[in-house]
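Visitor: Please take a close look at the surroundings of the ligand, and explain how they relate to the rest of the chain.

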Amino acid sequence: MSDHQVGKIKAAIVGASGYSGEELLRLLVRHAQVEIVCLTSRQYAGRPVGDVFPRFTGLDLNFSSPSIDEIAESADVAFLALPHGVAAEFAIPLVEKGVKVIDISADFRLKSTEKYLKYYNAEHPAPDLLKQAVYGAPERRKEEIKKANLIACPGCYPTSISLPLIPLLKAKLISSEGIICSSMSGVSGAGRKVDLPFIFPECNESVRPYAVAGHRHLPEIEQELAEAAGLEDMAINFIPHLVPINRGIHSTIIAKLKEGVSADQIRQVWNDYYADAAFVRVLPAGRLADTKNVTLTNFCEIACVTDDHTGNVILSSAIDNLTKGAAGQAVQNMNIVFGFDEKAALL
Ligand SMILES: NC(=O)C1=CN([C@@H]2O[C@H](COP(=O)(O)OP(=O)(O)OC[C@H]3O[C@@H](n4cnc5c(N)ncnc54)[C@H](OP(=O)(O)O)[C@@H]3O)[C@@H](O)[C@H]2O)C=CC1
Ligand SMILES: CC(=O)N[C@@H](CCC(=O)OP(=O)(O)O)C(=O)O
């Protein structure tokens, strides 16, 4: 048994004044084995957390300016809820100083630095560290996560798309060609900032696609699907939409079924693959995924309908972008790294 299993571990939330940071705080304050020692924000440094997030009024914690030395001195684990590019600047010294880093940004998700350059319009900020990073999908990388010093939490859209598709690609129930993913995200996915396209009158009463055929999550989704299919590369269509809800992602995925595969077989393969998964809910025939059933939870719901007319299967998945799509998955990863109950603070 490691020391961590007997006492509380000390956690820092770097970028605690954003939406993912707020969600990390919501989850970690109720974690019996975690003490929050540091919450960073440049704008709100010195202010009590309840000033910024009134729901935490009375919690005896203040924001502080981000300082790598202070984080390294006080914390066993640091959650990076920072913009991509900035996260790597913190990850490099923190990993070096022996802090476990759980990164919610996209900096360490892509194995290919060429793809990072193409989709993030920047040279990869830490190519050497990238080799150490483990893609933190608990349903398929638990053993690697246990040993990791740096975890790259999957993106929100990739989580909602990979969870239903990966078991079907592995079992070869669907073709790896011609997959179409149409996803809808709530506005909190864009972060806690004032930006014209995301203010209320611009998004309310509106449903709009964006970044079609070039969204930065496309290479991440393709990377994970190709690995499951045993291929070097894969190409899919991914069409994200912004919808006027605060939280939640729903993905509708269309794939060509292999001859004779039934919806019951798909559910059986999912149930087998996810038999030990704490947060994947396979829905029975007749039900489709609904964001309202996963809001403020770490669950991903998955469901399917086969279409005899086209020979396609239609998959439906739902997550909360801030929980399973960000902070919840990060806490799940922390639980695995430190040997806690994987569900701690998440049920
Ligand atoms: N929102 C979502 O649904 C999801 C977000 N993510 C990822 O998580 C990360 C955070 O996202 P989100 O919470 O939405 O973002 P927000 O914009 O809501 O918050 C960003 C946080 O980072 C801090 N910050 C920004 N720039 C710097 C900097 N240069 N140095 C130090 N701190 C900085 C901000 O605080 P301050 O300015 O006060 O310092 C704030 O606390 C991003 O990489 C995002 O892509 C991942 C999955 C889902
Ligand atoms: C609605 C919205 O804008 N969503 C964001 C994705 C959410 C996010 O922060 O993406 P990561 O998981 O990569 O961090 C976007 O499309 O860029």
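Guide: In what follows, Ala, Val, Leu, Ile, Met, Phe, Trp, Tyr, Cys and Pro count as nonpolar, Asp, Glu, Lys and Arg as charged, and the others, Gly among them, as polar. With those classes, and bearing in mind that this is a predicted model, the shell around ligand 1 divides into 13 nonpolar, 15 polar and 3 charged residues. Altogether 31 residues surround ligand 1, and the closest of these are Gly 15, Gly 18, Ser 20, Ser 105 and Gly 191. Two helices, α1 (19–28) and α12 (323–337), each supply at least two residues of this shell, and α1 gives the largest share, 3 residues.

As for the wider setting, the chain is divided into domain 1 (3–154 + 325–337) and domain 2 (157–320), whose centres, taken over C-alpha atoms, are separated by 25 Å. The contact between these two domains takes 17 residues from domain 1 and 20 residues from domain 2. On the side of domain 1 that touches domain 2, the helices α5 (113–120), α7 (138–147) and α12 each supply at least two residues, and α12 gives the most, with 4 residues. The residues of that side of domain 1 divide into 7 nonpolar, 5 polar and 5 charged. Returning to the ligand, domain 1 and domain 2 both give residues to the shell around ligand 1, and ligand 1 therefore lies between them. Helix α12 thus appears in both parts of this description, supplying at least two residues of the shell around ligand 1 and 4 residues of the side of domain 1 that touches domain 2.

Key:
Residues are numbered from 1 along each chain as its sequence is written. Chains are lettered from A and ligands numbered from 1 in the order in which they are written. This is a predicted model: local features need pLDDT of at least 70, side-chain atom pairs count only at pLDDT 80 or more; totals for chains, interfaces and linings use all residues. A residue is near a molecule or strand if its C-beta atom, placed from the backbone, lies within 6 Å of it. Domain bounds come from an automatic or database domain assignment. Two residues are in contact if their C-beta atoms, placed from the backbone, lie within 7 Å.
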